[in-house]
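Hi everyone, thanks for making time. Let's get the model up on the screen before I start talking.

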Amino acid sequence: MSEWKALSSITSKIGSGSTPRGGNSVYSDSGISFIRSQNVLDMDFSIENLAFINDNQAEKLNNVIVEKNDILLNITGDSIARCTVVPEEILPARVNQHVSIIRCKNTEESKYVMYYLQYMKKYLLQISKVGGTRNALTKEAIGKLPIKISDDCNKISKILDNIDQKIQINNQINQELETMAKTLYDYWFVQFDFPDQNGKPYKSSGGKMVYNPELKRDMPEGWGVEKLGELAQFKNGINYEKTSSGSEKVKIINVRNISSSTIFINQTDLDEIFLENDKSTNFIVNEGMILITRSGIPGATRLVSELEAKTVYSGFIIASEVNDLIYKNLIFYYLKNVEEVLKNQSAGTIMKNISQSVLTDMVVSLPPQNLLLKFNSIIDNLLEQMKNVQRQNQELTQLRDWLLPMLMNGQVKVE
């Protein structure tokens, strides 16, 4: 048996928050989680750039405390209508004015309602365009949303949630693999405790170190140094207008598509733009390219793999191609290791930017070839495992997205 109910009738709270006075300047690295629209994804939550506020600021936002099982719905901006259930591990938390808290009276229905809102996303986007110059979902409009409640609600949400939980487990696996790769780079090429000829950590076992004026630190005897600009080519992406017209349709990687993850493989959420013939030629993303964001999240670095043939990168991204593939992993993890340094060295008043000159002037230490080959063998294995996990997650996501409307509209019955 199914029954249609207004969302307001099955919820005890629908409301958004606000931003503390001072905005970004008052955020800290720890404290109470402060959720913004960029953290709320479709049926997922991103801790990337999660902000924090102190107890005093949180006290002023006590009317927007986020509780376990609350649904988060983006109500303004480009990410409008994205929704998820808040992950318990980031609590206690507050939200800003671009995110609405939806609290079900029966918390067991929270996952189902979240999935149903996702099912209604096209409708939500449609009603958000009514009136005004900026897309918005009002509290009144959200409360009137018709939600189909049936005896199968929990079974439906369980099926979808099982898929999402597997995706989350896979993400954790990849995070652990990423940590292993970063730790290996740090251990071998920052601490210089790579295995010596006896299999012991080089520096800790008394390996000879010599001072290098370019690195401004000691490094193992026999190692070389080189500027990144001598080892790889760096190039800014294409500048374009969303309204650009042309006969060639291409997919484009923007800053929002890049996070601090390691590998960027073929994704379905890339924007498509139209360009004049051959204008994209110089900005095609090639296999094994390293992408570095210039602004937005300055310094975020990702390795590209398995993209469609006609994919380009935007002007807010710098692409790097190594002159010799033997150096690809070394340069990639060198850049990953200095992401914070890149952010601090970026310039600009309104939006910080990283320039090609900052990258090309960076100096990297070069190990003997036999050590580099050992490093590449281990890293290539870890990267391949990460890619396999990402491929599986893409298949799981496609399965979930195919099942979602069929379960909600009754095309697929739950036994």
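I'll go through the overall picture, then the helices, the strands, and a few single residues.

First, the ground rules: this is a predicted model, so local features need pLDDT of at least 70 and side-chain atom pairs count only at pLDDT 80 or more, while totals for chains, interfaces and linings use all residues. Residues are numbered from 1 along each chain as its sequence is written, and side-chain values use heavy atoms, with hydrogens and water left out.

Okay, the overview. The C-alpha trace spans about 75 × 55 × 50 Å along its principal axes. The protein has 10 helices and 24 strands; those are DSSP runs numbered from the N terminus, H or I with at least four residues for helices and E with at least two for strands. Of the 415 residues, 48% count as buried, where buried is under 20% relative accessible area, exposed is over 50%, and partly exposed is in between, using a 1.4 Å probe and protein chains only. Contact here is heavy atoms within 4.5 Å. Taking contacts with a separation of 6 or more, 75% are between residues 24 or more positions apart.

Now the helices, starting with α10, residues 369-408. Does the span fit, and what should it be for 40 residues at 1.5 Å a residue? The expected span is 1.5 Å times one less than the number of residues. For α10 that gives 58 Å, and the end C-alpha atoms are 57 Å apart, so the two agree. Just after α10, G410 takes a positive phi of about 85 degrees.

Two other helices cross α10. Let's take α7, residues 328-337, to begin with. The axes of α7 and α10 come within 9 Å and cross at roughly 70 degrees. Axes are lines fitted to C-alpha atoms, for helices over the stretch in contact, and angles run from 0 to 180 degrees between N-to-C directions. That makes α7 roughly perpendicular to α10; the bins are under 35 degrees for roughly parallel, over 145 for roughly antiparallel, 65 to 115 for roughly perpendicular, and oblique for the rest. On the α7 side the contact uses N329, L330 and Y333, and on the α10 side L372, F375, N376, I379, D380, L383 and M386. By class, that's 7 nonpolar, 2 polar and 1 charged. For the classes, Ala, Val, Leu, Ile, Met, Phe, Trp, Tyr, Cys and Pro are nonpolar, Asp, Glu, Lys and Arg are charged, and the others, Gly among them, are polar. Helix α7 is mostly covered, with 9 of its 10 residues buried; among them are K328 and K336.

The other one is α2, residues 110-119. Its axis comes within 10 Å of the α10 axis, and the two cross at roughly 100 degrees. So α2 is roughly perpendicular to α10 as well. Here Y112, Y115, Y116, Q118 and Y119 of α2 meet L404, P405 and M408 of α10. This contact has 7 nonpolar residues, 1 polar and no charged ones.

On to strands. Pairing means DSSP finds at least two bridges between two strands. There's an open sheet of 3 strands in the order β19-β17-β22, with mixed pairing. β19 (271-275) and β22 (311-313) are at the edges with a single partner each, so one side of each has no neighbour in the sheet. The twist averages 45 degrees from one strand to the next. Strands β17 (248-253) and β22 run parallel and are joined by 3 bridges, and K251 stands opposite T311 in β22.

Elsewhere, β15 (224-227) and β24 run antiparallel with 4 bridges, and V225 stands opposite S365. In β24 (363-366), V363 and S365 point one way and V364 and L366 the other, and all are buried.

Last bit: single residues. Is K121 in helix α3 buried or exposed? Buried, at 17% relative accessible area. Beyond four places in sequence, K121 touches D42, I80, A81 and R82.

S37 sits in the loop between β3 and β4 and is buried at 18%. Contacts of S37 outside its neighbours within four places are N74, S79, R82, N96, H98 and V99.

That's my tour, happy to take questions.
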